[in-house]
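Me: I'm new to reading structures and I'd like a close look at one part of this one. Could you walk me through it slowly, in plain words?

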Amino acid sequence: MTISNRGLIATVVTFIVIYLLAIINDVVNSNQLIFILILNFSLSLVVLLYWIIKQLRIKIHYFELRELVVLSLEVVILVSSCFAIFQDVLPKWFQMIEYVFFGIQFIALILFLIFALTFRMKKLF
């Protein structure tokens, strides 16, 4: 396992632990959705910034449908989380949507960890 691969795996494991702590916090302290909103916002922001930096380095751009679907989902998560962070009272349906987004990102992190442990990656770009 290369050094960059170890760092990537350590980062993903750290995010997973933080997500698990947020789940435990939400179970113990009900109505503490703020930690989940901040995690949704931060992970979406990291994914979008990574994609923007990657696109700036590429000279010829080919956009695939799955890439656009994931990016549009991340933008929706980012905007909805940003909106919910600055609101005092959220409707129940909006809270449920945020939990669904949280679950989607948590499952994606676990799948990415499995992918990183299965294949060797020399660099991310």
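Which residues does Q105 touch, not counting residues up to four places away in sequence?

Reply: Happy to. Keep in mind that this is a predicted model. Leaving out residues up to four places away in sequence, Q105 touches Y19, L39, N40, L43, S44, E74 and I77. To see where those partners come from, let's set the scene and then work back to Q105.

The protein chain has 4 helices and 0 strands, and reading along the sequence gives the pattern α-α-α-α. Its C-alpha trace spans about 45 × 30 × 20 Å along the principal axes. The chain has 125 residues, and 30% of them count as buried. Take the contacts with a separation of 6 or more: 75% of them are between residues 24 or more positions apart.

Now to the home of Q105, which is helix α4. This helix runs over residues 92–118. You can check its length yourself: at 1.5 Å a residue, its 27 residues should span 39 Å, and the end C-alpha atoms are 39 Å apart, so the two agree. Q105 has a relative accessibility of 2%, so it counts as buried. It has company in α4, where the buried residues also include F94, Q95, E98, F101, F102, F106, L109, L113 and A116. There's a handy rule for reading a list like that: an α-helix has 3.6 residues a turn, so residues three or four places apart point the same way.

Next, meet helix α2, residues 34–57. Its 24 residues should span 34 Å at 1.5 Å a residue, and its end C-alpha atoms are 35 Å apart, which agrees. The buried residues of α2 are I36, L37, L39, N40, L43, S44, L48 and Q55. Four names there should ring a bell, since L39, N40, L43 and S44 are among the residues that Q105 touches.

How do α2 and α4 sit against each other? Two packed helices are described by the angle between their axes and the distance between the axes. For α2 and α4 the angle is about 50° and the axes are 10 Å apart. That makes the pair oblique. The crossing of α2 past α4 is left-handed. On the α2 side the contact uses I36, L37, L39, N40, L43 and S44, and on the α4 side E98, Y99, F101, F102, Q105 and L109. Sorted by class, that contact has 8 nonpolar, 3 polar and 1 charged residues.

Helix α3, residues 65–85, packs against α4 too, at an angle of about 135° and with the axes 11 Å apart. So α3 is oblique to α4. Here again the crossing is left-handed. From α3 come L73, E74, V76, I77, S80, S81, F83 and A84, and they meet F94, E98, F101, I104 and Q105 of α4. These residues divide into 8 nonpolar, 3 polar and 2 charged. Spot E74 and I77 in that contact; both are also on the list for Q105.

That leaves the pairing of α2 with α3. Their axes come within 8 Å and cross at roughly 140°. The two helices are therefore oblique to each other, and α2 passes α3 in a left-handed crossing. The α2 residues in this contact include N40, L43 and S44, while the α3 residues include E74, I77 and S81. The whole contact divides into 16 nonpolar, 4 polar and 2 charged residues.

S81 makes a nice companion to Q105. It lies in helix α3, and with 0% relative accessibility it counts as buried. Setting aside neighbours within four places in sequence, S81 is in contact with L37, N40, F41 and E98. N40 is on that list, and N40 also touches Q105.

For contrast, look at V46, which lies in helix α2. V46 is partly exposed, with a relative accessible area of 43%. From V46 to E74 is 28 residues in sequence, and 9.8 Å in space from C-alpha to C-alpha.

So, back to your question: Q105 is buried, at 2% relative accessibility, and it takes part in the contact of α4 with α2 as well as the contact of α4 with α3.

How values were computed. Residues numbered from 1 in each chain as written. Predicted model: local features only at pLDDT ≥ 70, side-chain atom pairs only at ≥ 80, totals over all residues. Heavy atoms only, no water. Axes fitted to C-alpha atoms, helices over the stretch in contact; angles between N-to-C directions. Parallel < 35°, antiparallel > 145°, perpendicular 65-115°, else oblique. Left-handed = near helix turned anticlockwise from the far one by under 90°. Contact = heavy atoms within 4.5 Å. Nonpolar A, V, L, I, M, F, W, Y, C, P; charged D, E, K, R; others polar. Buried < 20%, exposed > 50% of the residue type's maximum accessible area, 1.4 Å probe, protein only. Expected span 1.5 Å × (residues − 1).
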